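Here is a short note for a colleague looking at this entry. Please read it with the structure open.

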Amino acid sequence: MISYLPYPVRINEIKVETEDGNLKTFKLVFENEAQRKAWKHVPGQFAMLSLAGQGEIPIGIASSPTEEGHLLFTVNRAGKVTTALHQMHTGERMGVRGPLGNGFPIDTDMKGKNIVIIAGGFAVTTLRATLIYLMEHRQDYGKITFIYGARTPGMLLYQDELQEWAKRDDVDLHITVDREAPGWDGLVGFVPTIAGQVAPSPGNSVALICGPPIMIKFTMPPLEKIGWTDDQVYLSLENRMKCGEGVCCHCNVGPTLVCKDGPVFTRTQVKKLPVEY
Amino acid sequence: MPTINEKLTEEIRTQAKALLANGTVAAVIGYSRGSLPMTVKPTVVRTAEDCGKLVWNSFCVLNLANYLPEVLKSVEPPRGPRDPKPEGPLAKVAVLATGCWSRNIVVQTQEHQVDPERVVVMGVASRGMVSRRKVEEQFAGREILTVEELDHDLVVKGADFEEKINRWSLVRDNCQTCTHPDPVLVDVRIGEPASERKNPNPFQQVDEIEGKSSEERWAWFTSEFSTCIRCYACRNACPLCYCPTCFVDDAKPQWVGKSLDAVDTGLFHLLRAYHCAGRCTDCGACESVCPMGINMRMLTKKLNKDVLNLYGVEAGMQPGSPLPLTTYATNDPQKFIVTEAKAVKEGV
Amino acid sequence: MKVFRLSQTELDSMVQGWSQNRRVYRPAAGRQQSAQADCAPGWERVAGSSPLTVATGPSKTSVKTFLFPQPETMQTYTLKSSDPDKGLLKEPEKTTGKQIIVGLRPCDARSVKLNNLPFREDPFYQASLARTVMVGFTCNTMCATCFCDQMGGSPMGTEGLDIAISQVDGTMIAEVLTPAGEELIADLSLTPAEDSDINALAERRKDCPQADSAKLDALKSRDLNKLYGAPVWQALGESCINCGACTFNCPTCYCFDVQDEVVRGQGRRIRYWDSCMFPLYSLHTTGHNPRGQKMQRTRNRFMHKLKYFPDRYGPFSCVGCGRCVQDCPVNIDIREVIHDLLAVE
């Protein structure tokens, strides 16, 4: 039976991620030890963040299952609930309902393969969870390529971690910003351009792409040019959601319910759907 | 011998066909036959061949002005939200309009929702539209299978009955009290013009409610709106309700609760009525489309009375004039701010 | 299954007996003057001994209001700073006690079963279902807007009912179909039906329009994208005013929205009926709307009923009660839509 009752959690830490202050990462700890232990998620899944008096919002889980004891959510201030969330303080109580959705195929299609992760803007959240998971289970996967772009250096999320990851020799990291910026000596260019330059080989590989629709649209041609097929590409869809459990119908794309059947789909699956996302 | 409506239907088809065939308009908004007795379907016709679909009868209760802004947009070349307006004149749209609908087109023009240069009004004098609910109430519990319309009577048939009823007795309340059946705008005349109707008191129903004690009025109000299912058919059928986001749908801030709580439902109806003050033409679409049979029209009718008494204005009757409640004048009446009790005390 | 013969007096006293210690609801007779506080529009609580007769055809509003109430409290909480439980969402107090719905039609009873497909794991729906007993009246007459037979139901159908009451040649026959139904009549001494009654009922059932979905089932095998791209949607979308009259009175429309409501520091999270006809339904926070056009929303409703739901769960999400046909302000007729879609190659 579905439970719509969120788990009570406390905000343990709030980190402002970006220079515009619109993205904050909330570290949440369970109030109930049994619930903490029972929580199991897969990178790519999401949860409903619940604020009493405000409502619920679906947010991708930014922490890896390997980071035990807490959950991380990076939230953009946009609507009613996220605005209220941004005004909350450490120590305050809120709720988490989940994990919801399917997540990336870490134990199936991705296993033993080269993994190419392509992220744009703040869609990087669940891919951070994925990358950390992959690094913790490094021997289960082949070559890992991580391409991530933001508008400006100050809009990059998880900046401390990006520096840590850059030091590793078992991850091929490509961080880019849209335009030249003072103090930035890394890559400059849009994500699709960089993806075209890096041109990861499609052989025995899987790509996970999350970002604004326009980025996904322009990232595909360079990949296709070097032989990538739609079955190898995983995308994460977003739609307005209410129940998160495949009941209320809000997120439907044709017969598919993004919250239940997704949010992760292969590009082949997405192409069969009406364009209602 | 064709009936009045058959003649009007023929005329509408001929005129619509001509307007489309000679390229005057790109679309005609009218009605086509419904699948049930006493129903018609608002229809947009885009080719001369399709004009045979158009019909006219006493069941045309929806206000076609409601469709005008969207159909006008649909005949423009496609463009993005930030693209500039294309150069040159844009295609026109013809719309059937009775007295009240034409007044709504005037209001739409005053509120810059519609460019009058692009509208061809096919004016039809209204003989009063029949209330499907009134007919059904006459045959409570018995299913009506066909309704044939004669000039002055309706012939209502069911599996085991057939009755002829005087048409006027079944005409909607708003049409029965209407004094302006003839369109105020006419580009193409359909049928004969109608003269203004005399009505010593078009607000009699409102007066009756106002005459009650406050307890009785409250009882009327709570009872009338208690069966609302919040389907918003009244709002969506109204040509005045074109806000991109209605106040009931607003989440930030949330003005109105979403459940069937009597306070929320009442608030929705009251606020909606107030948004229509000085703009409503009493077309009766809201009341006609309500699946629960709620007479929400009484609220707008009351405000129509107030606007007439305070400002001497009936919505849409003077095309060039400003709207009473969106225009400030120093000699505006203040009675709606200063309550009577206060006025007496302060000697206003 | 037990079958009884009932007189109108026996029926009335039986229903009145139930209403002594349980909540019993029936379709409101005529235009309802005032909805009662515990009861949805279109229904009234049985009190007193007025004779129970039900007008031909389905009730004004559907039975879903009892299984999927508008609104349903999902959680409660306090926002008072002094309370250590501030902001803690809690399960609401459970509504207990049976509710008996009398006078619903076979189409509505069937809708409860259909809605149980998406709601089979939903705790609130299941709890409502468990405490609801349905005593239905089968139909001797189909209205001009009825098409239950084409959607896989039947005017004499009993699917979903606990007790089915039929009128056969002037005799009222009650079929007690489930343990919940048996519980209702446990203490009553009713006259068992004669074999001739049972035969006459079987005869009537055989003669009435049968569930015949063969023609419409053809729709299920049609290509989704072809139906989606069918030319019929343009004109439909142009006529539609995107109100919720069809969805809210539809027994099988089950979408809901969730909102928080706070009054003086005490809050509740409720779910309430939503309609895919409303632009807000699919609007993203970014302002992007995947179904931003009226036509797309109209299409979604029909595609959901006739294609998406069957693809997911098997049957159509429509019982053919004809309420939407009756109530649509612009006369959009689902039977015509089906007809047009069947023509799509």
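The points below deal with the domains of one chain and then with a contact between two chains.

1. This is a predicted model. The points on the two contacts should be read with that in mind.

2. Start with chain C. The domain assignment splits chain C in two: domain 1 covers 2–210, and domain 2 covers 217–342. Their C-alpha centres are 25 Å apart.

3. Next, the contact between these domains. On the domain 1 side of chain C, 36 residues take part. They meet 29 residues of domain 2 of chain C.

4. Which elements of chain C each supply at least two residues of the domain 1 side? They are β4 (72–78) and α3 (106–115) of chain C. The largest share comes from β4(C), with 7 residues.

5. The make-up of that side is mixed by class. Domain 1 of chain C brings 18 nonpolar residues to the side touching domain 2 of chain C. A further 13 are polar, and 5 are charged.

6. Now the contact between chains. Chain B places 32 residues in contact with 36 residues of chain C.

7. On the chain B side of this contact, β2 (40–45) and α8 (233–236) of chain B each give at least two residues. Here β2(B) holds the largest share, 5 residues.

8. How many residues of each class does chain B bring to the side that touches chain C? There are 16 nonpolar, 12 polar and 4 charged residues.

Notes: Residues numbered from 1 in each chain as written. Chains lettered and ligands numbered in written order. Predicted model: local features only at pLDDT ≥ 70, side-chain atom pairs only at ≥ 80, totals over all residues. Domains from an automatic or database assignment. Contact = placed C-beta atoms within 7 Å. Helix = DSSP H or I, 4+ residues; strand = E, 2+ residues; numbered from the N terminus. Nonpolar A, V, L, I, M, F, W, Y, C, P; charged D, E, K, R; others polar.
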